[in-house]
Number of protein chains: 2
Amino acid sequence: MTVENFLTALRAAVGAGNVWTDLSDLAPLLQDWRGDVKGEALAAVFPQSCEEVSAVLRIAAEAKRPIVPQGGNTGLSYGATARDAATGIVLGLRRMRMVREIDRASNIVTVEAGLTLAELHEEVARVERQMPLRLGSEGTAQIGGLVSTNAGGTGALRYGPMRDLVAGVEVVLPDGRIFSDLAGLKKNNTGYDLKHLFIGAEGTLGVVTAAALRLHPLVRSSASAWLAFDALPTAVEILMRLQERFDSAVQAVELLNADQVAFALQHVPRTRLPFDQVPAWSLMIELGSSDPASDLKGALEEWLITLVEDDLVSDGFLSQSVAQAEDIWHVRHSVSEANRIAGHSLSHDVAVRPSRVPELIERAGEAVRTIHPEARILIVSHLGDGNVHFIAHFDHAAWASFEDPERITGEVMDRVHDVTASLGGTFSAEHGIGRKLVRSLAERTAPERLSLMREVKRMLDPENRMNPGALFSAEAKSTDPLA
Amino acid sequence: MTVENFLTALRAAVGAGNVWTDLSDLAPLLQDWRGDVKGEALAAVFPQSCEEVSAVLRIAAEAKRPIVPQGGNTGLSYGATARDAATGIVLGLRRMRMVREIDRASNIVTVEAGLTLAELHEEVARVERQMPLRLGSEGTAQIGGLVSTNAGGTGALRYGPMRDLVAGVEVVLPDGRIFSDLAGLKKNNTGYDLKHLFIGAEGTLGVVTAAALRLHPLVRSSASAWLAFDALPTAVEILMRLQERFDSAVQAVELLNADQVAFALQHVPRTRLPFDQVPAWSLMIELGSSDPASDLKGALEEWLITLVEDDLVSDGFLSQSVAQAEDIWHVRHSVSEANRIAGHSLSHDVAVRPSRVPELIERAGEAVRTIHPEARILIVSHLGDGNVHFIAHFDHAAWASFEDPERITGEVMDRVHDVTASLGGTFSAEHGIGRKLVRSLAERTAPERLSLMREVKRMLDPENRMNPGALFSAEAKSTDPLA
């Protein structure tokens, strides 16, 4: 099929105005969120329904052209950047924005892929429910992308990542078939649960066009605290006692080291330290309950006293007001800005089991200091998830002095990922693989798992046309696309 | 490979004493839990390690012989009954019983497939944790089987079914490859999450040899209540208010109709009704908390008063002691025994969204009464999960008078399943497909989903040797095993 016939067929399928070919229109869609990399494509296509997506995929199948599905384009791993799709299309979901149904009694909302997360939050707040996925880019990130990347965020400790919030999906397969599984049942044992293949598949197996998502009751009371302590392993002991006592009321457990807290205090306005000096280690804790009358603050205070009595913490600050709670979390949320102002961050998105977080931090720190004694190690960890954003930080002058910053980045990354692997951890906890970590996936995945993943890819997308170059290398395309 | 060579190779792999061929030894393994159906096999084989399972599967692959994996053999759908494996083996996991690791701080336990659920409960209770899967057969049911059938049970409302409790699996594939994914991380976005293919696959894609399971804090205080009300739709309103107020503290919400409660009171000793007369509808509720000092009873009482004020319930009984709570749950747990004593149950394991449970019960009741006005409709529903055990009950005389009880069973089942399907529900919520519901699966599954399931089966087990006859019909074996 010629390029012209291909475009004509697409225009017939979705309407001429919804097939963009002008380079200036395409430019923002071909660039990743951070502006690091650029892609190429013939066109961007915006279908309005699952049936139109199916038509587009059938046309692309006939034309044997690649497709890069794109949601809000907020990913951090270049998963929606069409770097190996110069002869194909970017498929945008922004015209599919319907809230198909809110089933309040069953706590299920069914929405189309192009709705933003912030819009979804508004919709369900109107019926006094929450969909507890929360992240910085929620004004732009779309549901389909969040499903396809199994997004994490701050609600993951209590409610799980996106995977745990998806009760069903509607997916268009590479050949145009529609797989619809939106029943949204809590129990269903009728064969293989196929939705999990598509959650977190980063658009390599099909296009998610809608999802049935689980809702939860609103949180109507909360309490926050900031604990200070000297020895890192204590963090795990505190986490255990916290979960034993408060169970699912635990909403956030964030671990920061002294340098990270100091950076936030130094560089970001209105940051306040509730202690005389910056503690060696800080744990910021939030509890929540659906009961507006629950005395979480009192309970947290009592529990905190037992920690002091047992010498687990050197100091603790319990928020007495909403403003004081906001003060605690403002420090936590200032770290990215502080680190950017202060220099260059080599940030890692690794995870191990919570019990191994202290060892990970110690050993990765040693490994990096060995090659870069000038680097400052900054720690921001979602401790309850075992997720550690381990940051090797360089001041502006040091970073500018490097002749080959890409090599430095790779060397540091390899050391941190080696330590993580030796502790049974993962090199990508939240952010996925995209096109950024393809080499790591190929090198660090157990051969049996990798070959199974390839078999799945071959089963659903034998021509490797769905988001080529994501997850798997697109380089060997001419021989076996997935070898 | 001759039968003798096959058996010799198996004996070499697992030791002669662990290959049984004596018919009297095999008999209990070839019969289902309820004694309804019988299977056939050459032998039963009991490997002691994942490597031995792998060796057995390689031998069977070479010999092109079928394999039926079997756990505690407590399934209700004949999933472990070797009806199409006369030339093959039953693979028992009972010698693989190790607790490989308890990671208390990370709340993960790693166990082998042959451990019973009751043994697991004991092990984790010792470190003050719970693995909240609970069911009647837990003294016999094994972890591998519970993973492979995605078991439900009474903990599912709060903690989800087995799928939600599995953090990782170790599986031997039909060709003997070992897929090990026991890292047990809360966050890991490195490609397809393949474990979900094997959870609930009923042994048709491989043999689960170990699992990493999520632990939860102990429940240290609880409160139970029995609510009485007249109109079925009220149940959904009460459920909503309960979840809004108590969120994840809600542990059980069981709905029973008057006839079902009356049967329990009539036929089972020590059952007590806390009201003057049997209510039209009963909801039995349990709350739980990890906080030993939490005043759940007080909170439940306050909440109950608002229900009475709003005329949602006609009466309510709040347990004031452990003994009174046990009285409530004794009635609930007596229903199977009562129904067996009173006659013959045609029981259905259907589920819809909770919001649709009243309509399901009304319409399925009408559908059955049309063909069997003499049947008594008994309702036992895990309302919070949308799971309804809809029972058409016949007294002994009526049932004995039927010339073709199998036809009666099929007719009633089809009517109930038709109503369920029209409400977007499932015909098998907890008990799976096994060999019992193969026809229903073929007829009631959307064609796109069914063909995807077959593609997955073909990908992993192209010769249809893993548990043949389960999920998919084994009849067309000679041409295309999965057509």
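## Exercises on salt bridges and interfaces in a predicted model

A search of the whole structure finds 62 salt bridges over all chains, a salt bridge being a side-chain nitrogen of Lys or Arg within 4 Å of a carboxyl oxygen of Asp or Glu. This is a predicted model, in which local features need pLDDT of at least 70 and side-chain atom pairs count only at pLDDT 80 or more, whereas totals for chains, interfaces and linings use all residues. Residues are numbered from 1 along each chain as its sequence is written, chains are lettered from A and ligands numbered from 1 in the order in which they are written, and side-chain values use heavy atoms, with hydrogens and water left out.

**Exercise 1.** Describe the interface of chain B and chain A.

*Solution.*
- Step 1, extent: chain B and chain A each give 85 residues to the contact (heavy atoms within 4.5 Å).
- Step 2, area: about 7,200 Å² is buried between the two chains, 50% of it from carbon and sulfur atoms; buried area is the accessible area (1.4 Å probe) that two parts lose on being put together, summed over both.
- Step 3, salt bridges: there are 24 between chain B and chain A. One of them pairs B:D385 with A:K187, with the closest N and O atoms 3.2 Å apart.
- Step 4, elements: among those that give two or more residues to the chain B side are β5 (99-103), α9 (234-246) and α18 (447-460) of chain B. The largest share, ten residues, comes from α18(B). Helices (H or I, at least four residues) and strands (E, at least two) are DSSP runs, numbered from the N terminus.

**Exercise 2.** Locate the salt bridge of A:D103 and B:R353 and state its setting.

*Solution.*
- Step 1, general point: side chains of opposite charge can pair when their charged atoms come close.
- Step 2, distance: the N to O distance between the side chains of A:D103 and B:R353 is 3.3 Å.
- Step 3, location: A:D103 lies in strand β5 of chain A and B:R353 in the loop between β16 (343-351) and α14 of chain B, so the pair joins two chains.
- Step 4, burial: both A:D103 and B:R353 are buried. Buried means under 20% relative accessible area, exposed over 50% and partly exposed in between (1.4 Å probe, protein chains only).

**Exercise 3.** Analyse the salt bridge of B:R332 and B:E254 within chain B.

*Solution.*
- Step 1, distance: these two side chains meet at 2.6 Å, N to O.
- Step 2, location: B:R332 is in helix α12 (residues 322-333) and B:E254 in strand β13 (residues 250-257) of chain B, so the pair ties together parts that are 78 residues apart in sequence.
- Step 3, burial: B:R332 is buried at a relative accessible area of 12%, and B:E254 is buried at 7%.
- Step 4, network: elsewhere, salt bridges that share partners join A:E101, A:D103, B:R353 and B:R356 into one network.

**Exercise 4.** Characterise the contact of domain 2 of chain A with domain 3 of chain A.

*Solution.*
- Step 1, bounds: domain 2 spans 221-333 and domain 3 spans 340-422 of chain A, with bounds from an automatic or database domain assignment.
- Step 2, separation: the centres of the two domains, taken over C-alpha atoms, are 24 Å apart. The contact takes 17 residues from domain 2 and 19 residues from domain 3 of chain A.
- Step 3, area: about 1,600 Å² is buried between domain 2 and domain 3 of chain A, with 68% given by carbon and sulfur atoms. A:L232, A:L255 and A:F263 supply 31% of the area that domain 2 buries against domain 3, more than any other three residues.
- Step 4, charge pairing: the count is one salt bridge between these domains. The side chains of A:R376 and A:D259 meet in a salt bridge at 3.9 Å, N to O.
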